[in-house]
Amino acid sequence: MNRTPVIALVSGSFDPITEGHAYLLREAARLADVLHVVVGVNSSKRYYFDDDERLRLTSGVVENLELNVPTHVHFSRDRFLIDVAADLGVTHLIRGVRNPQDFVYEAEIAQVNRDINPNIRTAYIFAPPELAKVSSSTVRSMVGLAQWKARIRPYVHPLVLEALEKRHHQSSCN
């Protein structure tokens, strides 16, 4: 019996990409035959890193994960994710869930996406307890506080820590 290939998409603003995101990408790669990672823009957010830096850091972390499926990193602005997914031939959107509030939010979006394109399914991957507290906003809020580098280190890839140090140094010099 022939199986339809699973073409998965994981998206986020990745500002910055965290170990929680890396966990989600590793798990998504275990389920997929092809994985697309989309760095997106949420017009209601103010970003710490610009678009190019978010794309560079996400691409660098993805490359270092050594996922065992073909993986492609994209950038998207001003488009519905479900339309980007359709253009890429995606069969499944993979969404990370850390807590009940995430699930409620994601379920609402999944319903709208299903209305727009019922051929693309949404699947959820729940964060393990040790990563459930990790978010980009938590990481950003720690930058600049006493011992911040040591405290952030478990939550981000070394590439991201280096970029956070550089960005913090630039902003403290201005």
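**How helix H2, helix H7 and the sheet fit together**

In this predicted model, one helix-to-helix contact makes a handy starting point: Glu53, Arg56, Leu57, Gly60, Val61 and Asn64 of H2 meet Leu159, Val160 and Ala163 of H7. Sorted by class, the H2–H7 contact comes out at 5 nonpolar, 2 polar and 2 charged residues. As for the helices themselves, H2 covers residues 51–65 and H7 covers residues 158–173, and their axes come within 9 Å of each other. The crossing angle is roughly 155°. Angles over 145 degrees count as roughly antiparallel, and H2 and H7 are therefore roughly antiparallel to each other.

Helix H2 has a second job in this picture, since H2 also lies across strands S2 and S3. Relative to S3, the helix runs at about 170°. Another helix, H4 (residues 100–116), packs on the sheet too, and there the strands touched are S4 (92–97) and S5. The direction of H4 makes about 165° with that of S5.

Now for the sheet itself. It is open, has 5 strands, and follows the order S3-S2-S1-S4-S5 with parallel pairing. At the edges stand S3 (71–76) and S5 (121–126); each has a single partner strand, so one side of each is left without a neighbour in the sheet. On average, and ignoring direction, neighbouring strands are turned by 30° against each other. In general, the strands of a sheet pair through backbone hydrogen bonds, and the pairing can be parallel or antiparallel. Here, S1 (residues 7–12) and S2 (residues 34–40) give a parallel example, paired over 6 bridges. To pick out one bridge, Ile7 has Val34 in S2 as its partner.

Stepping back to the whole chain, the protein has 7 helices and 5 strands. Read from the N terminus, the elements go β-α-β-α-β-α-β-α-β-α-α-α. The radius of gyration is 16 Å, close to the 16 Å that the globule rule gives for 174 residues, so the protein is as compact as a globular protein of that length. Taken along the principal axes, the box filled by the C-alpha atoms is roughly 60 × 30 × 30 Å. Of the 174 residues, 41% count as buried. Finally, among contacts with a separation of 6 or more, 74% come from residues 24 or more positions apart.

Technical notes:
Residues are numbered from 1 along each chain as its sequence is written. This is a predicted model: local features need pLDDT of at least 70, side-chain atom pairs count only at pLDDT 80 or more; totals for chains, interfaces and linings use all residues. Side-chain values use heavy atoms; hydrogens and water are left out. Two strands pair if DSSP finds at least two bridges between them. Helices (H or I, at least four residues) and strands (E, at least two) are DSSP runs, numbered from the N terminus. Axes are lines fitted to C-alpha atoms, for helices over the stretch in contact, and angles run from 0 to 180 degrees between N-to-C directions. Contact means heavy atoms within 4.5 Å. Angles under 35 degrees count as roughly parallel, over 145 as roughly antiparallel, 65 to 115 as roughly perpendicular and the rest as oblique. Ala, Val, Leu, Ile, Met, Phe, Trp, Tyr, Cys and Pro count as nonpolar, Asp, Glu, Lys and Arg as charged, and the others, Gly among them, as polar. The radius of gyration is taken over C-alpha atoms; the globule rule is 2.2 Å times the number of residues to the power 0.38. Buried means under 20% relative accessible area, exposed over 50%, partly exposed in between (1.4 Å probe, protein chains only).
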